[in-house]
Amino acid sequence: MNRHTPGPWDCHGPYMTKGYKVSALTAAGRQTLKVFVDHCEGRNTEADARLIASAPDLLAALAQISYLTGGHDTANDLVALARIAGIARSALAKAEGVQS
């Protein structure tokens, strides 16, 4: 699997064109990723940009859930299910632009 640009990724805008920018910065402030989501009539440009920006968080959430389940049936493990639900809610909140 190829490595992706590490998160966090952020969503900025709208700009004069009504588009949004998704970017990632290093600790030193150097930009390492820039994706521009153009505004198109009938599209949810901001929601699309938020979803792109949340990709590293969604990937990390899936990795954590995969680790927690470890290939085992967790249906009766309430602690594991609660952790999985919390991880999923947090990742979804970022993707949907909801403050958690």
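Let's start with Asp-10: its bridge partner in strand S2 is Ser-23. Before I go on, keep in mind that this is a predicted model. That pairing belongs to a bigger pattern, since four bridges join S1 to S2, and the two strands run antiparallel.

Okay, stay with Ser-23 for a moment. Ser-23 sits in strand S2, and with a relative accessibility of 4% it counts as buried. So what does the side chain of Ser-23 make a polar contact with? That would be the side chain of His-12, at 3.2 Å. If we skip anything up to four places away in sequence, Ser-23 touches Pro-8, Trp-9, Asp-10, His-12, Gln-31 and Leu-33.

Now, the strand around it. Five of the six residues of S2 are buried, so the strand is largely enclosed by the rest of the structure. On to its other pairing: six bridges join S2 to S3, again running antiparallel. One place to look is Leu-25, which stands opposite Gln-31 in S3. S2 and S3 make a hairpin, with five residues between them. In that turn you'll find Gly-29, and its phi is positive, about 90°.

Right, let's talk about the core. Which residues make up the largest nonpolar core? There are eight of them: Trp-9, Tyr-20, Val-22, Ala-24, Leu-33, Val-37, Ala-49 and Ala-53. The elements giving two or more residues to this core are strand S2 (20-25), strand S3 (31-37) and helix H1 (45-53). S2 has the largest share, with three residues. If you want one core residue to click on, try Leu-33: leaving out residues up to four places away in sequence, it touches Thr-5, Trp-9, Val-22, Ser-23 and Ala-24.

Next up is helix H1. Its buried residues are Thr-45, Ala-49 and Ala-53. Looking down the axis of H1, those buried residues fall within an arc of 70°, so they line one face of the helix. And what do the buried residues of H1 pack against? Quite a list: strand S1 (9-12), S2, S3, helix H2 (55-69) and helix H3 (78-96).

Just past H1 there's another serine to look at. Ser-54 is in the loop between H1 and H2. Is Ser-54 buried or exposed? Buried, with a relative accessibility of 0%. A polar atom of the Ser-54 side chain lies 2.9 Å from the backbone oxygen of Leu-51. Beyond the residues up to four places away in sequence, Ser-54 touches Lys-94 and Ala-95.

Last topic, the cysteines. A quick reminder: a disulfide is a covalent bond between the sulfur atoms of two cysteines. For this model the cut-off is a pair of cysteine sulfur atoms within 2.5 Å. By that rule, the count here comes to zero disulfides. Why does Cys-11 have no bond? Because the closest cysteine sulfur, the one in Cys-40, is 15 Å from its own, and that's too far. Turn it around and Cys-40 tells a matching story: its closest cysteine sulfur is in Cys-11, 15 Å off, so again too far for a bond. As for how exposed they are, Cys-11 counts as partly exposed at 29% relative accessibility, and Cys-40 counts as partly exposed at 32%.

Methods. Residues are numbered from 1 along each chain as its sequence is written. This is a predicted model: local features need pLDDT of at least 70, side-chain atom pairs count only at pLDDT 80 or more; totals for chains, interfaces and linings use all residues. Side-chain values use heavy atoms; hydrogens and water are left out. Buried means under 20% relative accessible area, exposed over 50%, partly exposed in between (1.4 Å probe, protein chains only). A nonpolar core is a set of buried Ala, Val, Leu, Ile, Met, Phe, Trp, Tyr and Cys residues joined through side-chain atoms within 4.5 Å. Contact means heavy atoms within 4.5 Å. A polar contact is a pair of N or O atoms within 3.5 Å; within protein, one must be able to donate a hydrogen and the other to accept it, and residues adjacent in sequence count only if both atoms are side-chain atoms. The arc is that of the directions from the helix axis to the C-beta atoms. Two strands pair if DSSP finds at least two bridges between them.
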